[in-house]
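Please walk through the structure shown below, with attention to charged side chains that pair up and to where they sit.

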Amino acid sequence: MSNRHHALADKVVAAFRDRLDAAEQGRIGEARFRELHEIVCEALSEELDATTERIAALLKELRAEVEKRELEL
């Protein structure tokens with residue numbers, strides 16, 4: 001997990017925490033906020049994996065197209 005993922009997760013958790021009053025924050029507790037942080041990190045990681053897979057597929061398509069055009073010449 002990259003530092004960028006952790007920084008984005010920190011922002012999400014902080015934004016959520018800011019929407020809550022002190023009593024609500026106390027009821028949720030630090031353990032749950034850490035759990036939320038991990039959930040956000042996992043979601044970001046999954047999205048990055050999906051994006052990476054899509055880029056790899058597009059690159060494969062582009063290479064195939066270039067090879068096809070080279071054969072046509």
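Glutamate 35 and arginine 32 share helix H2, where they stand three residues apart, about one turn of the helix. In this predicted model, the two side chains meet in a salt bridge, with 2.7 Å from N to O. The partners fall into separate accessibility classes: arginine 32 has a relative accessible area of 52% and is therefore exposed, since exposed means over 50%, whereas glutamate 35, at 39%, is partly exposed.

A comparable arrangement can be followed further along in the numbering. Arginine 69 and glutamate 65 also lie in helix H2, and because they are four residues apart there, about one helical turn separates them. Their side chains form a salt bridge as well, at 3.2 Å from N to O. Here arginine 69 is exposed, with a relative accessible area of 54%, while glutamate 65 is partly exposed, with a value of 34%.

Which parts of the chain does the pair of glutamate 30 and arginine 17 tie together? The side chains of glutamate 30 and arginine 17 meet in a salt bridge of 2.7 Å, taken from N to O. Glutamate 30 belongs to helix H2, which covers residues 22-72, and arginine 17 belongs to helix H1, which covers residues 3-18, so this pair links parts of the chain that are 13 residues apart in sequence. Glutamate 30 counts as partly exposed, at 43% relative accessibility, and arginine 17 is partly exposed too, with a relative accessible area of 22%. The value for arginine 17 places this residue in the partly exposed class because buried means under 20%.

The three pairs described so far are among the salt bridges of this model, and a search of the whole structure finds four of them.

From these charged pairs the path leads back to helix H1, which is where histidine 5 is placed. Is histidine 5 buried or exposed? With a relative accessible area of 9%, histidine 5 is buried, because that value falls under the 20% cut-off. Leaving aside residues up to four places away in sequence, histidine 5 touches Cys41, Leu44, Ser45 and Leu48. These four contacts of histidine 5 carry numbers that fall within residues 22-72, the span of helix H2, and histidine 5 itself lies in helix H1. A reader following the model can thus look at helix H1 and helix H2 in two places: at the salt bridge between arginine 17 and glutamate 30, and at the contacts made by histidine 5.

Conventions. Residues are numbered from 1 along each chain as its sequence is written. This is a predicted model: local features need pLDDT of at least 70, side-chain atom pairs count only at pLDDT 80 or more; totals for chains, interfaces and linings use all residues. Side-chain values use heavy atoms; hydrogens and water are left out. A salt bridge is a side-chain nitrogen of Lys or Arg within 4 Å of a carboxyl oxygen of Asp or Glu. Buried means under 20% relative accessible area, exposed over 50%, partly exposed in between (1.4 Å probe, protein chains only). Contact means heavy atoms within 4.5 Å.
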